[in-house]
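Let's take a walk through this one together. Have the sequence and the 3D view open, and pick out residues as they come up.

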Amino acid sequence: MTIESLPGSSGYLDLYPERKMSYFKNPYVLGLTVTAGIGGLLFGYDTGVISGALLYIKDDFEVVKESSFLQETIVSMALVGAIIGAAAGGWINDYYGRKKATLIADVVFALGSVVMAAAPDPYVLIFGRLLAGLGIGVASVTAPVYIAEASPSEIRGGLVSTNVLMITGGQFISYLVNLAFTEVPGTWRWMLGVSGIPAVIQFSLMLFMPESPRWLFMKDDRSKAIDVLSKIYNFARLEDEIDYLTAQLEQELQNRSKVRYLDVFKTKEIRLAFLAGAGLQAFQQFTGINTVMYYSPTIVQMAGFESNQLALLLSLIVAGMNAAGTILGIYLIDHVGRTKLALASLSGVFVSLLILSGAFFAESSNSTNALYGWIAVLGLALYIGFFSPGMGPVPWTVNSEIYPEAYRGMCGGMAATVNWISNLIVAQSFLSLAEAAGTGATFLILAGIAAVAFVFVIVYVPETQGLTFEEVEKIWKERAWGRDRQDAERLLEQGNES
């Protein structure tokens, strides 16, 4: 079988172009994607809701109002939990499967939401944030891998990006909820408490969802795997897909016993893949996205809009742009490609951060001019408009497809942990850095990081649009050892077959 005839390869798609749209219309594939993507909704809701809830938590707890460190801790303790959850999530996924990992994440997150809503003091609230973060961390590893493994490769990028759409949709919903509860007694308790509802919904739906077919193959449960695949592919494609998976996973099973965390750094091709994946996850955070989402109401107030309700309303518009941009990204990621989309996104992010920086520098020198406040809000909107279609979905999509099957859960978990650690660093330091260096200087630093990220993508991230997992693996081997060695190995394989 040639590469061009492999199911899901670009050559195969050229032979059968009508099949791409048929997969988007398959209700089974869409049901799997949306159900798994609710994990992204949990992440997005929590990210957005704390930004609004924090305004009212400060009103209820004087000690929080007087301490930027305590405010940062309330925000970032969920990230500490997410780091632990993501680190454990790779192992949970590989050992128990994608479905059970999702169910575990839902239970832990729902428990965290109850603790947050009932918290009598800031310290119990922080513990609730930790529990919610544990659930989010496991879900952040599981959802992209589950969707990718149940998706035809022709539309894999778009479907994995649906998880990012759920994240941005969750952020948008959180701002609507924040606005809805601004005049209700116990404002922030309601805001945080209702976050458990999506977890309960996903848990209920996930009970009826199948396990990942690739994971079932790895566990030698071929009959269940074929049953799942038969609902994803038509009969003509099904036979090819089964043969392809069987051939690939026989090799993976031979390698599975040798898999160790140390191999990620010792094996050159896996090390290069992890560098690209983890680097994208780190730059997604260090270019400031969750600074904008966690603190957007606070940033709006820094820009001179003092009313809580007005700050939340303007932040709702920003969150709406985030969701709309992600929808655009779902289309572009499988048409433009991963690297081009990331580069275009980072270019716009760089310019937007310069606008934000300039607005805050100007506002600090002339605080009576309201124009600078509106320029800052415009900068926020432009930032989201450029970030959300590109650097929002690209890191998660690339990380779901660049690792060999035997290392996918492990490396995906490690890369997600890098994302959460980076997220924690930014969330825990933003307000303090803004107080020490000034908000304008802080955004200028983020702009510099965006420029470095642009160079990183050019140098380290290959294009994976429309490629099978095997084709992506060959890219890393060629980068690690050169094309000549790959050609020699291919000739040896052909000689053994003959």
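Before we start, one cut-off: a residue counts as buried when its relative accessible area is under 20%, as exposed when that area is over 50%, and as partly exposed in between. Keep in mind too that what you're looking at is a predicted model.

With that cut-off in hand, start with helix α12, which spans residues 222-232. Its buried residues are A225, V228, L229 and I232. Their directions span an arc of only 100° around the axis, so these residues sit on the same side of α12. The spacing helps you see it: an α-helix has 3.6 residues a turn, so residues three or four places apart point the same way.

Now zoom out. The protein chain has 24 helices and zero strands. It runs to 498 residues, and 61% of them count as buried. Look at contacts between residues at least 6 apart in sequence, and 83% of those join residues at least 24 apart. As for the outside, the accessible surface of the chain comes to about 19000 Å², with 66% of that belonging to carbon and sulfur atoms.

Next, the charged pairs. Side chains of opposite charge can pair when their charged atoms come close. Taking a Lys or Arg side-chain nitrogen within 4 Å of an Asp or Glu carboxyl oxygen as the rule, the count here is nine salt bridges. One of them joins the side chains of R408 and E149, at 3.3 Å from N to O. R408 belongs to helix α21 (residues 405-437) and E149 to helix α7 (residues 122-149), so this pair ties together parts that lie 259 residues apart in sequence. Are these two partners buried or exposed? R408 is buried, at a relative accessible area of 1%, and E149 is buried as well, at 4%. The pair also has company: D94, R98, E149 and R408 are linked in a network of salt bridges.

Compare that with K477 and E473, whose closest N and O atoms are 3.9 Å apart in another salt bridge. Here both residues lie in helix α23 (residues 469-481), four residues apart, which is about one turn of the helix. K477 is partly exposed, with a relative accessible area of 25%, and E473 is partly exposed too, at 22%. A further salt bridge links R338 with D334, where the closest N and O atoms are 2.8 Å apart. Both R338 and D334 are buried.

Back in helix α7, find R129. What is its relative accessibility? The value is 0%, so R129 counts as buried. Its side chain makes a polar contact with the side chain of D46 at 2.6 Å, and the R129 side chain also reaches the backbone oxygen of V75 at 3.1 Å. Setting aside neighbours within four places in sequence, R129 is in contact with D46, I50, I74, V75, M77, A78 and M116.

Now move to the loop between α17 (308-333) and α18 (338-365), where you'll find V336. V336 is partly exposed, with a relative accessible area of 33%. Beyond its neighbours within four places in sequence, V336 is in contact with L341 and Q465. V336 and Q465 are 129 residues apart in sequence, yet their C-alpha atoms are 8.4 Å apart in space. H335 lies in the loop between α17 and α18 as well, and it counts as partly exposed at 45% relative accessibility. The side chain of H335 reaches the backbone oxygen of Y331 at 2.6 Å. The C-alpha atoms of H335 and I155 are separated by 9.9 Å, with their positions 180 residues apart along the chain.

Finish on the surface. Which residues form a nonpolar patch there? They are L275, V455, I458, V459 and Y460, and together they have about 430 Å² of accessible area. Helix α22 (residues 439-460) gives the most to this patch, with four residues. Y460 is found in α22, and at 36% relative accessibility Y460 counts as partly exposed.

Methods: Residues are numbered from 1 along each chain as its sequence is written. This is a predicted model: local features need pLDDT of at least 70, side-chain atom pairs count only at pLDDT 80 or more; totals for chains, interfaces and linings use all residues. Side-chain values use heavy atoms; hydrogens and water are left out. Helices (H or I, at least four residues) and strands (E, at least two) are DSSP runs, numbered from the N terminus. Buried means under 20% relative accessible area, exposed over 50%, partly exposed in between (1.4 Å probe, protein chains only). Patches are made of residues with over 30% relative accessible area and no salt bridge: like charges are joined within 9 Å, nonpolar side chains (Val, Leu, Ile, Met, Phe, Trp, Tyr) within 5 Å. Accessible areas come from the Shrake-Rupley method with a 1.4 Å probe; for residues, only the protein chains shown count as cover. Contact means heavy atoms within 4.5 Å. A polar contact is a pair of N or O atoms within 3.5 Å; within protein, one must be able to donate a hydrogen and the other to accept it, and residues adjacent in sequence count only if both atoms are side-chain atoms. The arc is that of the directions from the helix axis to the C-beta atoms.
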